[in-house]
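Could you walk me through this model, with an eye to its backbone geometry, its buried parts and its empty spaces? I would like to follow along in the structure viewer as we go.

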Amino acid sequence: MVRETQLSPAHFIYPIFVTRSNPGAIHGMPDVYRYTIDEAVQVARKVEQAGISGILLFGIPQSKDETATQAVSSTGIIPDTIQAIKRANLNLVIITDVCICSYTSHGHCGILQDQVVSNDPTLPVIAEMAKVHADSGADIVAPSGMMDHQVHAIREQLDCSGHEHVSILSYSVKYASAFYGPFRDAAGGAPQFGDRKTHQMDCSNAQEALREVDMDIEEGADLIMIKPALSYLDIIRLIKDQRPHLSLVAYNVSGEYAMIKAASAQGWMDESTAVLEVLTSIRRAGAQSVISYHALDAANWLQELST
């Protein structure tokens, strides 16, 4: 009755990795899997039944090249998955990751020129990728590559294609973090050389987060992502305090998930108690929604606590 911060399954978004080949367990992320399209539909049904509000789809293509050809294919892994989930008539918000790192042979988030990520040539590719997802039925597209002016390029492409209703969840505040390691194995998007510090944020910067948010909102973003969550609770709170009208989403990332899984496997902490505490802290900091690999389990644990 006196609890200040509410936590319910409706506050969660569940990430799903989809592939046409080599489905199965993901190293470093116990109980998280790569699914076939049919399996992804089954998981999405469980998500709906658990009362979770939405899913975030990541695709692993069968082939990769330097220019991410499969990322803009209308018969690619994500368009086909969206359409399969739509046919299942599930009451879920479908969000799609819009980044080409899993589709390029070099694993970087943009088109390369002289072995360096080049911002401007990347924008038409990710804009087309967003359009293809919207054509297939995505409700929200989530550009995660941290390319300058990516939101403007996507908003313009969506509007020109009759998708004014499709929202943009921009990874406006994405730090260059050590906590992404397990995800890069999951999505097959680890860079083959170099790193992403040229376009992701320095962990020591806070005011930069506000500048990134303002730029993306001005360009047409509807929701703002902060990633990772746990090491950046202060950033979530800063943005919530300084920009209270914005809808904030925080990503409880793979490394954060893996830490709790590893500690609980050793008997060093109770997994359910730790997870619900972490998710509550992210909500308390100011996040409207939380993307978490623990979302399905957390929804079940909340249900058990309420009965």
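Asn 89 sits in the loop between helix 2 and strand 5, in what is, please keep in mind, a predicted model. This residue comes just after helix 2, and its phi is positive, near 55°, although Asn 89 is not a glycine. Most residues other than glycine have a negative phi. Is Asn 89 buried or exposed? With a relative accessibility of 69%, Asn 89 counts as exposed, because the cut-off for that class is over 50%.

Step back from the loop into helix 2 itself, which spans residues 77–87. Here the buried residues are Ile 77, Ile 78, Pro 79, Thr 81, Ile 82, Ala 84 and Ile 85. What covers them includes two helices, helix 1 and helix 3 (119–136), along with strand 1 (12–19), strand 4 (54–60) and strand 5 (93–98).

Strand 1 is a good place to go next, as Phe 12 lies in it. At 0% relative accessibility, Phe 12 counts as buried. Which residues does Phe 12 touch, not counting those up to four places away in sequence? The answer is Leu 7, Ile 52, Ser 53, Gly 54, Leu 279, Val 290, Ala 295, Ala 298, Ala 299 and Leu 302. You can also check one pair across the chain: Phe 12 and Gly 51 are 39 residues apart in sequence, and their C-alpha atoms are separated by 8.8 Å.

Now let us look for a second unusual phi. Asp 31 has a positive value of about 70°, and it is not a glycine either. Asp 31 has its place in strand 3. At 46% relative accessibility, Asp 31 counts as partly exposed, because that value falls between the 20% and 50% cut-offs.

Asp 31 also leads us to the largest pocket, where it is one of the residues that lie nearest the centre, together with Tyr 14, Tyr 33, Tyr 35 and Leu 296. In total, 16 residues line this pocket. Two or more lining residues come from each of strand 3 (29–35), helix 1 (37–49), helix 8 (254–265) and helix 10 (295–306). The volume of the largest pocket is about 220 Å³. If you are thinking about the chemistry of its walls, the lining has 8 nonpolar, 3 polar and 5 charged residues.

Enclosed spaces come next. How many cavities of 30 Å³ or more does the structure hold? There are 4 of them. The second largest cavity contains about 60 Å³ of space. Its lining is made up of Met 146, Met 147, Asp 148, His 149, Gln 150, Val 151, Tyr 171, Ser 172, Glu 212, Met 215 and Asp 216. Helix 4 (150–160), strand 9 and helix 6 each give two or more residues to this lining, and helix 6 has the largest share, with 3 residues. By class, the second largest cavity is lined by 5 nonpolar, 3 polar and 3 charged residues.

Helix 6 (207–219) appears again when we turn to helix 7, as do strand 9 (167–174), strand 10 (223–227), strand 11 and helix 9 (271–285): the buried residues of helix 7 pack against these elements. Those buried residues are Ile 235, Ile 236, Leu 238 and Ile 239. They lie on the same side of helix 7, because they cover an arc of only 160° around the axis.

Both ends of helix 7 are worth a visit. In the loop between strand 10 and helix 7 you will find Pro 228, and the peptide bond that joins Lys 227 to Pro 228 is cis, with omega near -5°. Most peptide bonds are trans. In the loop between helix 7 (233–242) and strand 11 (248–252) lies Arg 243. Its relative accessibility is 19%, so Arg 243 counts as buried, the cut-off being under 20%. Beyond its neighbours within four places in sequence, Arg 243 is in contact with Leu 210 and Asp 214.

Finally, consider the cysteines. Cys 99 is buried at 2% relative accessibility, and Cys 101 is buried at 10%. Why is there no bond from Cys 101 to Cys 99? The sulfur of Cys 101 has its closest cysteine sulfur in Cys 99, but the distance of 3.9 Å is too far for a bond, because a disulfide needs the sulfur atoms within 2.5 Å. A search of the whole structure finds 0 disulfides.

How values were computed:
Residues are numbered from 1 along each chain as its sequence is written. This is a predicted model: local features need pLDDT of at least 70, side-chain atom pairs count only at pLDDT 80 or more; totals for chains, interfaces and linings use all residues. Side-chain values use heavy atoms; hydrogens and water are left out. On a 1 Å grid over the protein atoms alone, a cavity is a set of points where a 1.4 Å probe fits but cannot get out, and a pocket is an open set with protein on both sides within 12 Å along at least five of seven lines; lining residues have an atom within 4 Å of a point. Grid points are joined across faces, edges and corners, and a volume is the space filled by probe spheres set on the points. Helices (H or I, at least four residues) and strands (E, at least two) are DSSP runs, numbered from the N terminus. Ala, Val, Leu, Ile, Met, Phe, Trp, Tyr, Cys and Pro count as nonpolar, Asp, Glu, Lys and Arg as charged, and the others, Gly among them, as polar. Buried means under 20% relative accessible area, exposed over 50%, partly exposed in between (1.4 Å probe, protein chains only). Contact means heavy atoms within 4.5 Å. The arc is that of the directions from the helix axis to the C-beta atoms.
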